[in-house]
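Let's walk through this one together, starting with a backbone oddity and working outwards to how the helices pack. Here is the structure to keep open alongside.

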Amino acid sequence: MRKILIISFMALFMAQASAQIDLHSHAITPGYLDYIKANGAEMDEGFPIPGWDVEKHIAFMDKAGIQTSVLTMPAPQPFFGDAEASAKVCRKYNEECAALKARYPGRFMFCAALPLPDVPHALEEARYALEVLGADGIKLATNSYGQYLGDPALDTLMAYLDAQNAVIILHPHKPSAVNSQLIADVPLASYEYLAETSRAVLNMVAHNVLVRYPNLKVVVPHCGSFLPNALPRFRSLLPVMVKQGIMQLVDVDANLSRLYYDLAGAPTDDVLNALLTITTPDHILYGSDYPYVADPVLISGKQALEERLASHGLNPQDIFTDNARRLFGENMPLRQYGERIVRLAEIEVVPEYLEEYLAYAKEVGVTSVKVEPGVLTLFSMQTKEDPCKIYILEIYADKEAYQSHLQTAHFKKYKEGTAQMVKSLKLIDTKPMVGMEMLGH
């Protein structure tokens, strides 16, 4: 019996509501990569820097069901003793990310790179990125050639970011002193990155950074790294160290309240349980670490994570979407749309291709609404008298959203795959008789 494809309005709007956000992804632009290679640093982190292409990134996002990815500069930090050169590389990188954000509305955000450890240049770039380029936040390395987060030298930068209510995304970098043979035998990413992130966060807490600058919101990568294990030890040692006059008394809980955590890495059951000992579900966010992990691994891992969250009392809608929206607040890119396009597609399918056509139609309908902000509705129906006669109610935010939809990989796959299956196609433009406010994206 032929299966009838009916995508309900409720399902479509649930797909819109759950449009997912990836807090941990990297853009590896040619300018950045060329500068790293020119300084012989492409293996500084113990493994090759992967290739990156924006179209491939979007294709991955479409396959994974991700609407928006937050781009950041990867490691290593582009600083090799020349502050001016480093500042130029970061400026070009941030401008390229801003251009990607503008070119693909709703698909990308970015947290700007800063040319640390040179604080004056970093402060200048932070102002330019946030106030001119419209950066969504700032990416900070755990350390920039020995200058760790929490260092008093960074206070002027932190004060500015605090005044901007900035979101800061942390990312581990190679420690300033490390046994080269050890990191060749045991990859940094498997152990030292976790230690490095924990080291930097604890240094920030020890210097009371997040209490002194309470408007900062800091995203800790890789499932909290070693913090679930390190924080209890830190708490127990703090009063002893204060009594000895070695450390200052700090409010650990107040500092931790400004921390958020992405799930890039390996969020197993044990890891999730540990993470929930130091934070609450509203501070946990999804992260992929694209392109450092192969697409199939990321997609299967994401699917497994979606299934695992409920068993830990975590709502997938919060983890994949709502927590990120609350984190960025008014800084979330909200595209201003023009006049909506509402049309009816009248399609007659060649009978012997009906089942195959329905599979294509279902895939493109669900994917489009899930990952394209400008596709508001694709509601498909078959007539009872003749299942080969199909009607699709299409609602797009505006003409630009419609034209963008036609260029997506999933629509092109549908168009090319069904070309011989469609006997006739008629597009009927319509004019709504009532207001469409209830369909707002």
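Cys223 is buried in this predicted model, with a relative accessible area of just 5%, which is under the 20% cut-off for that label. Its phi is near 60 degrees, a positive value in a residue other than glycine. If you want to find Cys223, look in the loop between β8 (217-220) and α10.

Tyr145 plays a similar trick with its backbone: phi is near 55 degrees, again positive without being a glycine. This one is in the loop between β5 (143-144) and β6 (147-148). Is Tyr145 exposed, partly exposed or buried? Tyr145 is partly exposed, because its relative accessible area of 41% falls between the 20% and 50% limits.

As a reminder, most residues other than glycine have a negative phi, and most peptide bonds are trans. On the peptide-bond side, here are two exceptions.

| Cis peptide bond | Omega | Place of the proline |
|---|---|---|
| Leu116 to Pro117 | near 20 degrees | Pro117: loop between β3 (108-112) and α5 |
| Tyr290 to Pro291 | near 5 degrees | Pro291: loop between β10 (284-285) and α13 (295-309) |

Now for the helices. α8 covers residues 192-206, and its 15 residues reach 20 Å from the first C-alpha to the last, close to the 21 Å expected at 1.5 Å a residue. It's mostly covered, too: 13 of the 15 residues in α8 are buried. After α8 comes Asn208, with a positive phi near 60 degrees.

So what does α8 pack against? One partner is α10 (residues 227-243), at an angle of about 35 degrees and with the axes 10 Å apart. The crossing of α8 and α10 is right-handed. On the α8 side, the contact is made by Ser198, Val201, Leu202, Val205 and Ala206, and α10 brings Leu227, Ala230, Leu231 and Phe234. By class, that contact has eight nonpolar residues, one polar and no charged.

Ala230, one of those α10 residues, counts as buried because its relative accessibility is 19%, under the 20% limit. The C-alpha atoms of Ala230 and Arg199 are separated by 9.2 Å, although the two residues are 31 apart along the chain.

Next up is the pairing of α5 (residues 119-133) with α6 (residues 155-163), whose axes are 9 Å apart and meet at about 10 degrees. That angle is why α5 counts as roughly parallel to α6. Their crossing is right-handed. From α5, Val119, Ala122, Leu123, Ala126, Arg127, Leu130 and Glu131 meet Thr156, Leu157, Tyr160 and Leu161 of α6. That contact has eight nonpolar residues, one polar and two charged.

Over in α2 (residues 30-38), the buried residues are Gly31, Tyr32, Leu33, Tyr35 and Ile36. What covers them includes α4 (83-103). Just after α2, Gly40 takes a positive phi of about 60 degrees.

Zooming out, the protein chain has 17 helices and 14 strands. Buried residues make up 53% of its 441 residues. Of the contacts with a separation of 6 or more, 80% are between residues 24 or more positions apart.

Conventions. Residues are numbered from 1 along each chain as its sequence is written. This is a predicted model: local features need pLDDT of at least 70, side-chain atom pairs count only at pLDDT 80 or more; totals for chains, interfaces and linings use all residues. Side-chain values use heavy atoms; hydrogens and water are left out. Helices (H or I, at least four residues) and strands (E, at least two) are DSSP runs, numbered from the N terminus. The expected span of a helix is 1.5 Å times one less than its number of residues. Buried means under 20% relative accessible area, exposed over 50%, partly exposed in between (1.4 Å probe, protein chains only). Axes are lines fitted to C-alpha atoms, for helices over the stretch in contact, and angles run from 0 to 180 degrees between N-to-C directions. Angles under 35 degrees count as roughly parallel, over 145 as roughly antiparallel, 65 to 115 as roughly perpendicular and the rest as oblique. A crossing is left-handed if the near helix is turned anticlockwise from the far one by less than a right angle, and right-handed if clockwise. Contact means heavy atoms within 4.5 Å. Ala, Val, Leu, Ile, Met, Phe, Trp, Tyr, Cys and Pro count as nonpolar, Asp, Glu, Lys and Arg as charged, and the others, Gly among them, as polar.
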